[in-house]
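Here are a few exercises to work through with the structure open beside you. Try each task before reading its solution.

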Amino acid sequence: MAFDHSKYIPFQPVRKTDRRWPDKVIEKAPDWCAVDLRDGNQALVKPMTVAQKQRLFDLLVKVGFKQIEIGFPAASQPDFDFCRKLIEENRIPDDVRIQVLTQARPELIERTYQALEGAKRAIVHVYNSTSTVQREQVFGMDREGIKQIAVNGARLVQEIAARYPDTDWTFQYSPESFTGTELDYAAEVIDAVTEVWRPDQGQKVIINLPATVEMATPNVFADQIEWICDNIQRREHVSISVHTHNDRGCGVAAGELAVMAGADRVEGTLMGNGERTGNMDLVTMAMNLYSQGIDPKVDMSNMAEITDVVEACTEISTHPRHPYAGELVFTAFSGSHQDAIRKCLAYRKEGDKWNVAYLPIDPKDLGRRYEEVVRINSQSGKGGVAHVLERDYKISLPRWLQIEFSQCVQKEAETHGGEIDSHTIHRLFEDRYLAVDNAWRLTTYDLHRDEEGVNATVKFGQPAIELKGHGLGAVEAVVAALQDTYGITLAVEAYDEFALGEGTNANALACIRIVVDGEIRSSAALAEDTTSATLQALLSAVGNHVGAPESVAAATA
Ligand SMILES: CC(=O)SCCNC(=O)CCNC(=O)[C@H](O)C(C)(C)COP(=O)(O)OP(=O)(O)OC[C@H]1O[C@@H](n2cnc3c(N)ncnc32)[C@H](O)[C@@H]1OP(=O)(O)O
Ligand SMILES: CC(C)C(=O)C(=O)O
């Protein structure tokens, strides 16, 4: 059997009885390090050109990242050239520290420093694999041998740095494949490295703990981080960094739980590009903090620019459901969601804290528009349809007409499939309710009130027909005239008038529902004033039932 789960070994949980991280709450942003130009780049089908790297670097600086891993200069000429370009062309702002990666191999470390010559400040990041699988199967070495690679690398990093005293150096060590490494052994290697570097004597040191491959649930990673923080020497003198991958889809969760467990720093990439299923997504984690009222210390307000640049440099498109960044992440198609969003937005007052159902953050904060929040398809309801007409055409519908019209929109959506845009919704409304048959087009009206009510005269159609009637109000008077003239029974079930907002040609909208000879007819009309709109809506509704006015009048006579 090819699909055989029994060939996999379950991950062993960390034996821990003093777990504190589950009760912690993140209250401030960690130090961020963007590794798009290194881990992101090494995972691309087409690694970035120097020009693409420059564009992405400039974006990372603009967004506010202060530590940026720019590549693996000893591994490829473009990475080396890019490092030289940044330094020689003085393109690194004073508050930004570039970071470069190297394996713990002498020739690579030498070349790394050549790439960094002249840098004002830099992080040299050296790594070697420490996991059981790598020790046994890749390096064929025991624990001591692997530790020696780390220690030799650390020594060389320190020695060569001393040749460049004008640069402000930070050293970073990663026990690569940390998640597959026994914790006591990881601590032993880290201690051996910090014994060389002596952060307690003033050297800036970062110990980066990678989930090179995400192997367990994020709580297990948090246990590993808390354990290391509790058990390494010189903890208070080093910055503990994490670098998570997304193999199980929990890269961000692991990063967040690791911060709860004591990590000071988080490495990741914009939109999570990186090896296999990607790196920890900086956009998501930063925006998760933001949505909790925590300053993420990076500015994601121009999300369109972030996605544009990342897409252009990685040649990977953004998933429409990508948290905070995807095209559809602030869009509701479902009727009940649309209804709740519409009501919450209407309820909200200037200066209120954000508390809108179905929208974890205000889309405007990321440069998005409320227009894209409600979009209509066959899953939508009356609230959404009403919202679109209000938003785009300043047309407010009474509840009874929202119910009726949304069924018409839904039928259209079901017939054609997919989305119905706002223009089509408006056209459907016009065709179904606003269209006026010339034979029933109101030309003039005259209303006189006396003690017994209103005497109404209406003229409509071409050639003009004039009707007179009497009633308690204008509508009742015209209803009476129509009943008498056409021999119909007519009752008005509902009618509503609205003054229209700015930006429309008419000033008033009237909506009416009548029962004529036992049948329901609804209509609406736009006009200069509410009385004209109401009378026109009434004539149109009657016309829908009666047909050509003269012939019926003649037949009745
Ligand atoms: C988890 C990560 O993301 S780590 C970053 C990984 N990034 C990359 O691999 C991209 C850049 N790498 C490269 O371009 C190349 O691998 C290079 C230039 C670094 C090295 O290239 P080469 O030496 O030609 O080949 P290769 O990578 O296969 O070398 C592996 C050798 O390095 C050793 N090695 C691997 N990692 C390390 C390390 N961190 N420290 C010391 N030695 C190491 C291996 O044991 C192997 O040794 P062997 O040749 O005796 O078997
Ligand atoms: C070099 C290290 C930090 C790495 O990229 C990883 O382990 O994923």
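**Exercise 1: the surroundings of ligand 1**

Among the 15 residues around ligand 1, the nearest are Ala75, Gln103, Ala104, Arg105 and Asn128. Keep in mind that this is a predicted model.

Task: find which elements each supply at least two residues of the shell around ligand 1, and how the shell divides into nonpolar, polar and charged residues.

Solution. Start with the elements: helix H1 and strand S4 (121-129) each give at least two residues to this shell. H1 itself covers residues 36-42. Next, sort the shell by residue class: six residues are nonpolar, five are polar and four are charged.

**Exercise 2: the surroundings of ligand 2**

Task: list the residues that surround ligand 2, then say which elements give two or more of them.

Solution. Step one is the list: Asp39, Leu101, Tyr127, Ser174, Glu176, Asn208, Pro210, Thr212, His243 and His245. Step two is to place them on the fold: strand S5 (168-176) and strand S6 (204-211) are the elements that contribute two or more residues. Step three is the residue classes, which come to three nonpolar, five polar and two charged.

**Exercise 3: a record to compare**

Task: look up which residues UniProt lists under "binding site", and work out how far they spread in sequence and in space.

Solution. The unreviewed UniProt entry lists Asp39, His243, His245 and Asn279. They are spread over 241 residues of sequence, yet they cluster in space, with a largest C-alpha distance of 10.3 Å. Now go back to ligand 2: Asp39, His243 and His245 are among the residues that surround it. Asp39 lies in helix H1.

**Exercise 4: a sheet and its helix**

Task: give the strand order of the open three-stranded sheet, name its edge strands, and find what packs on it.

Solution. First, the order is S12-S13-S14, and the pairing is antiparallel. The edges are S12 (490-499) and S14 (519-527), each of which pairs on one side only. From one strand to the next, the twist averages 15 degrees. Then take one pair: S13 (residues 508-516) and S14 are joined by nine bridges in the antiparallel sense, and Ala508 stands opposite Ala527 in S14. Finally, helix H17 (residues 530-546) packs on the sheet and touches S12, S13 and S14, its direction making about 145 degrees with that of S14.

**Exercise 5: the domains**

Task: state the domain bounds, and how far apart the centres of domain 1 and domain 4 are.

Solution. The assignment gives domain 1 (31-314), domain 2 (335-366), domain 3 (382-431) and domain 4 (442-546). Taken over C-alpha atoms, the centres of domain 1 and domain 4 are 74 Å apart.

Note on methods:
Residues numbered from 1 in each chain as written. Chains lettered and ligands numbered in written order. Predicted model: local features only at pLDDT ≥ 70, side-chain atom pairs only at ≥ 80, totals over all residues. Domains from an automatic or database assignment. Pairing = 2+ DSSP bridges. Helix = DSSP H or I, 4+ residues; strand = E, 2+ residues; numbered from the N terminus. Axes fitted to C-alpha atoms, helices over the stretch in contact; angles between N-to-C directions. Contact = placed C-beta atoms within 7 Å. Near = placed C-beta within 6 Å. Nonpolar A, V, L, I, M, F, W, Y, C, P; charged D, E, K, R; others polar. UniProt positions renumbered as here; feature names shortened; annotations may be inferred.
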